[in-house]
Amino acid sequence: MLVLAWRTDRRAGLVLAAFLLCGAVSHGLVGVFLRELTDTIFTGAMAGPAVLEAGLWALAAGGALAAGVAFGRAELALMQELAERMGVAVQEEILTLTSGVPTIEHLERPEHLDRLRTLREESRQLYFAVWALALVVEHAAQIGLGVALLAAVHPLLPLLLGGAVLPSLLVRGRAARHIDAAAERTAETTRLEQHLSETVTDAEPAKEVRLSGAASALDGMARRHWEEVSGVQARAGVRAGLLTFAGSATFLAGYVAALGHAAWLARQGLATPGDLVLVATVGVQFVTQASRLAFHFGSVTAGLRAAARLAWLRAYADDPRAGGRRAVPGPIARALPDRLDDGITLHGVSFTYPGTTRQVLHDLDLRLPAGATVALVGSHGSGKTTLAKLLCGLYHPDQGEIRADGVPLHGLPPQEWRRRISAVFQDLARFELTAAETVGVGDLPRLGDRRAVEEALARAGATGLIAGLPDGLSTELGDTFERGHRLSGGQWQRLALARASMRRSPLLLVLDEPTASLDAPAESAVFARYAEAARRHPGAVTLLITHRFPTVRTADLIVVLDAGRIVQQGTHDALMARPGPYADLYALQRAAFTG
Ligand SMILES: Nc1ncnc2c1ncn2[C@@H]1O[C@H](COP(=O)(O)OP(=O)(O)OP(=O)(O)O)[C@@H](O)[C@H]1O
């Protein structure tokens with residue numbers, strides 16, 4: 001936290017520290033000047049020099065008070081400004097770390113998503129926490145000074161007031177924990193409520209929501225979740241409020257007892273009237289300082305929790321298992337070839353999604369030969385996309401390994417393999433940019449290369465689509481632009497295919513149902529084009545995932561998955577020649593089409 005604060009703005013940080021110090025001294029001096037004033041009034045003759053002295057003490061006390069207030073204001077303004085800037089810096093770091101992790105587990109696991117959301121929300125708190133720490137020290141010093149002044153009057157006085165500080169601090173800490181625990185307990189319900197509210201208000205699901213008339217039902221569910229969340233949080237708020245009240249009452253009791261004791265001392269002649277004023281002033285300061293100390297202590301602990309989350313994200317981004325920045329395990333045995341001679345092989349690959357217990361892929365042994373077009377088929381949920389994600393290095397196998405021409409992928413820096421892959425997934429990304437950029441991001445070094453973009457569009461059969469756009473390749477796409485052009489689902493898919501065609505010679509091309517919005521002949525034409533390209537450049541593997549058998553049958557190798565196991569593999573003719581799941585699936589689909 002301190003390092004982050006120091007990096008944000010050293011000079012402003014030092015000025016702020018000076019303000020804090022001056023503020024602390026000014027507050028401490030108020031009580032001392034008031035005591036001197038009182039004693040001058042009560043003990044002096046109140047004529048000539050004594051009046052002048054009293055006037056000077058009054059002026060000094062007023063000045064110290066005003067200075068304390070002014071330093072406090074300046075502190076707050078500067079701190080807010082710095083907190084804002086540090087918040088932005090932390091947000092940027094979160095963004096870089098989150099997007100820099102090559103695997104996607106942290107974006108799919110609910111508990112990781114919760115942590116990221118909380119961290120984003122709390123990023124500003126980090127700077128406040130740094131200064132809250134300084135304020136804790138400031139208030140502790142003020143309290144220490146107060147204790148010394150009170151002890152000089154009578155040793156029992158600091159005990160009476162100080163004894164009330166500790167239990168009150170503990171009580172306030174408990175109150176803050178109640179609030180935090182409630183926020184954590186309701187994290188999932190909050191997420192559900194947000195999801196349902198977005199489903200009702202977002203444009204994407206609007207059609208289905210309108211047609212099914214589900215809006216009010218979903219709205220009702222969202223409201224019930226919200227009521228549950230606010231109920232839990234309100235109860236925690238009441239409990240925290242009662243605890244805080246108990247803490248304040250403890251303070252008050254200590255304050256009244258200390259004043260009573262000082263009054264008794266004054267009556268006995270053991271203290272001056274100035275001492276009584278000092279006890280009253282320091283006592284009031286004690287109450288405010290201790291409550292501020294407790295408040296800032298709460299900010300420090302909240303900041304520490306945010307810092308712990310940031311530390312978790314940094315460690316996660318560095319974790320080799322997450323494929324992060326330090327993911328190079330020693331010297332690389334062998335670099336990737338420019339083109340595959342043998343192919344990609346899976347050896348005993350098993351996989352369970354992190355945070356779950358059900359194994360999704362079981363002990364897969366498979367060879368995807370170089371130059372081949374391989375079709376992955378199987379019923380919904382059989383593990384096709386999961387296998388594609390593993391091949392792309394978005395997740396790592398729990399057991400077994402994947403090799404490209406004998407080079408184990410887990411031994412490579414993730415970016416190295418990533419640079420050699422092109423992929424389109426069924427839940428494709430809609431980059432709302434210009435048409436040229438939407439395609440060009442498929443190969444960042446050639447983002448602005450119009451010719452490369454046009455070639456990729458031709459490979460994906462999307463040249464006609466661009467010709468139909470109002471400004472051709474310069475057309476701005478999507479609702480983000482004020483006059484952005486809206487594309488259909490199939491048109492976005494065509495552009496995603498073109499994006500995946502940007503890289504010149506990938507070693508692996510994954511096409512995971514990227515043509516579901518196209519009709520069957522259009523899909524066959526697209527795949528035929530990619531199969532033809534694969535034959536012309538035989539140094540790569542092309543992996544197709546589709547449920548359409550007219551497309552599947554054209555593949556060089558068909559792999560049938562069932563419940564995460566490979567149950568059959570071979571060419572279409574070989575698989576049709578014997579009874580089995582492939583022949584059954586094929587017959588089923590043919591029957592559906594021929595009626
Ligand atoms: N992010 C995830 N976390 C946990 N489980 C997941 C995740 N994604 C998929 N699964 C589970 O893994 C199994 C395989 O899913 P996968 O998406 O690989 O199937 P698929 O064969 O591609 O299905 P489809 O044909 O419907 O696209 C399913 O049971 C699914 O519930």
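This briefing describes the nonpolar cores, the ligand shell, a helix pair and two backbone details of the structure above. The model is a predicted one, in which local features need pLDDT of at least 70 and side-chain atom pairs count only at pLDDT 80 or more, while totals for chains, interfaces and linings use all residues. Residues are numbered from 1 along each chain as its sequence is written.

**Nonpolar cores**

- The largest nonpolar core (a set of buried Ala, Val, Leu, Ile, Met, Phe, Trp, Tyr and Cys residues joined through C-beta atoms within 7 Å) has 74 residues, and those with the most contacts inside it are Val-374, Leu-376, Leu-391, Val-541, Leu-543 and Ile-558.
- Helix H17 (residues 489–500) gives the most to this core, with six residues; helices (H or I, at least four residues) and strands (E, at least two) are DSSP runs, numbered from the N terminus.
- Apart from this core lies another, of 60 residues, which includes Ala-5, Tyr-127, Leu-161 and Val-277.
- Not counting residues up to four places away in sequence, Ile-558 touches Ala-375, Val-377, Val-552, Gln-569, Gly-570, Thr-571, His-572, Leu-575 and Tyr-582, where contact requires C-beta atoms, placed from the backbone, to lie within 7 Å.

**Shell around the ligand**

- Among the residues around the ligand (C-beta atom, placed from the backbone, within 6 Å of it) are Glu-108, Tyr-353, His-380, Lys-384 and Thr-385.
- Helix H12 (residues 384–391) gives the most to this shell, with three residues.
- The shell divides into two nonpolar, eight polar and two charged residues, with Ala, Val, Leu, Ile, Met, Phe, Trp, Tyr, Cys and Pro counted as nonpolar, Asp, Glu, Lys and Arg as charged, and the others, Gly among them, as polar.

**A helix pair**

- Helix H7 (residues 156–185) and helix H10 (residues 215–267) pack at an angle of about 175°, with their axes 9 Å apart; axes are lines fitted to C-alpha atoms, for helices over the stretch in contact, and angles run from 0 to 180 degrees between N-to-C directions.
- H7 and H10 are therefore roughly antiparallel to each other, a term used for angles over 145 degrees.
- The contact of H7 with H10 is made up of 22 nonpolar, ten polar and four charged residues.

**Positive phi values**

- Asp-363, a residue other than glycine, has a positive phi near 45° and belongs to strand S2 (residues 359–369).
- Asp-363 is partly exposed, with 15 other C-beta atoms within 10 Å; a residue is buried at 20 or more such atoms, exposed at 12 or fewer, and partly exposed in between, with C-beta atoms placed from the backbone.
- Ala-563 also has a positive phi near 45°, and its place is the loop between strand S9 (557–562) and strand S10 (565–570).
- Ala-563 is partly exposed, with 14 other C-beta atoms within 10 Å.

How values were computed: Contact = placed C-beta atoms within 7 Å. Parallel < 35°, antiparallel > 145°, perpendicular 65-115°, else oblique.
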